Amino acid sequence: DNGADPELLLQRADVAMYYAKHTRIHIASYHKDMDSDSHSNMIMSRDLRDGINNDQFKAIFQPKVSLSTGGVCGVELLLRWQHPSLGLLKPEQFIPLAERDNLIGELTRWAMRKYLPELVSIVGQFPKLHVSINVSPNDLLDSFLFKEIINIAEETSYPLKNLFIEVTENAIMQNPDRSVDILNNFNNAGIGVSVDDFGTGYSSLAYLQKFPISELKIDKSFIHNLEKGSSNYPIVSATITMAHDLDIKVTAEGVEKAAEARLLKEMGCDYVQGFLFSHPVELEPLEEFIKLNLSNAGAC
Ligand code: G
Ligand code: MN
């Protein structure tokens, strides 16, 4: 059933073995679902550690713009992997693997160590600007990461008030009790906490009042084609109202059309991020972009 010729049979046995190892279930038989992208996943998994050691990763930065002033209030650090044979890879392609292979902490630390020093001069020039770092589910529960972030920031003289972490609802809900403590640590240190991809996770809204959250980032799936009569409109509108009543700021992600931005402004949304304003870019064009909007950058 698993293949008519010996070669295919062996290849699928390999896929099953790989699957068994990584899901830690020890015994697995082949199923075609395991096949989806499994070859490039195998290559990525094999090469992750080398990629970190050999500086194949880099960060680019996407500005977050204030809808009331037009100034840049924050930037999000987004990773890319220039893989030797697979080409340029996006986080959604390699982060799940890094999580599964327990290399995510290493990758997050690597990014902080490499980029915080480079960002010191930017936040020095624009003191209200914050840099947001994505912290994945395993990262969040890693109790050493908080201390290391503090250490790296201290060593590089990066001011903690200019730092935000982004976590998803799913990450928080994986262990809500521990997450409260950990997020309180970040908050008490002056680091902002954003809930990323808001609306896509499985969660109870009760966490919004229990956790020290500074910002909700509404997932791009709700922003895409936002119009007055569209089914996403009441969801976005209610999210903004609820967040503001809880003293939480709101960012809309994935804004691609001027009409979406206009409507979001009308709805009282605080910040926008998306291709309409800027794609994620390297540090030099980022600085240019911030300066272009400098006249307004004071009011965030
Ligand atoms: O989950 P998170 O919000 O961190 O994901 C950010 C991702 O969304 C990045 O990979 C970024 O390139 C992508 N992105 C940013 N702006 C837009 C946009 O306007 N449209 C689309 N489709 N993707 C975007
Ligand atoms: Mn994010």
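## Exercises on a predicted model with one ligand

Tyr115 has its place in helix α4, which spans residues 104-125. The structure is a predicted model, and the exercises below work through its ligand site and a few single residues.

**Exercise 1.** Determine whether Tyr115 is buried or exposed, and state how many Å separate its C-alpha atom from that of Asp197.

*Solution.* The relative accessibility of Tyr115 is 6%. Buried means under 20% relative accessible area, and Tyr115 therefore counts as buried. For the second part, Tyr115 and Asp197 lie 82 residues apart along the chain, and their C-alpha atoms are separated by 24 Å.

**Exercise 2.** Describe the surroundings of ligand 1, beginning with the residues that surround it and ending with the elements that contribute to its shell.

*Solution.* Begin with the count: 15 residues surround ligand 1, and the closest are Asp197, Lys220, Glu253, Glu256 and Phe275. Sorted by character, the residues of this shell divide into 4 nonpolar, 4 polar and 7 charged.

Next, take the polar atom pairs one at a time. A nitrogen atom of ligand 1 is 3.0 Å from an N or O atom in the side chain of Gln62. On the oxygen side, an oxygen atom of ligand 1 is 2.9 Å from an N or O atom in the side chain of Asp197, and a polar side-chain atom of Lys220 lies 2.9 Å from an oxygen atom of the ligand.

Then consider how far the protein covers the ligand: taken alone, ligand 1 exposes 520 Å², and the protein buries 81% of that. The space that ligand 1 takes is the largest pocket.

Finally, assign the shell to secondary structure. The elements that give two or more residues to the shell are β2 (72-83) and β6 (192-198), and the largest share, 3 residues, comes from β2.

**Exercise 3.** Compare the backbone setting of Asp197 with that of Ser157, and classify the accessibility of each residue.

*Solution.* The background is that most residues other than glycine have a negative phi. Asp197, however, has a positive phi near 50 degrees, and Ser157, which is not a glycine either, has a positive phi of about 55 degrees.

As to location, Asp197 is found in strand β6, whereas Ser157 is found in the loop between α6 (143-155) and β5 (163-168).

For accessibility, exposed means over 50%, and partly exposed lies between that limit and the 20% limit for buried residues. Ser157, at 56% relative accessibility, therefore counts as exposed, while Asp197, at 25%, counts as partly exposed.

Definitions and conventions. Residues are numbered from 1 along each chain as its sequence is written. Chains are lettered from A and ligands numbered from 1 in the order in which they are written. This is a predicted model: local features need pLDDT of at least 70, side-chain atom pairs count only at pLDDT 80 or more; totals for chains, interfaces and linings use all residues. Side-chain values use heavy atoms; hydrogens and water are left out. A residue is near a molecule or strand if one of its heavy atoms lies within 4 Å of it. A polar contact is a pair of N or O atoms within 3.5 Å; within protein, one must be able to donate a hydrogen and the other to accept it, and residues adjacent in sequence count only if both atoms are side-chain atoms. Accessible areas come from the Shrake-Rupley method with a 1.4 Å probe; for residues, only the protein chains shown count as cover. On a 1 Å grid over the protein atoms alone, a cavity is a set of points where a 1.4 Å probe fits but cannot get out, and a pocket is an open set with protein on both sides within 12 Å along at least five of seven lines; lining residues have an atom within 4 Å of a point. A molecule sits in a cavity or pocket if more than half of its atoms lie within 2 Å of its grid points. Helices (H or I, at least four residues) and strands (E, at least two) are DSSP runs, numbered from the N terminus. Ala, Val, Leu, Ile, Met, Phe, Trp, Tyr, Cys and Pro count as nonpolar, Asp, Glu, Lys and Arg as charged, and the others, Gly among them, as polar. Buried means under 20% relative accessible area, exposed over 50%, partly exposed in between (1.4 Å probe, protein chains only).
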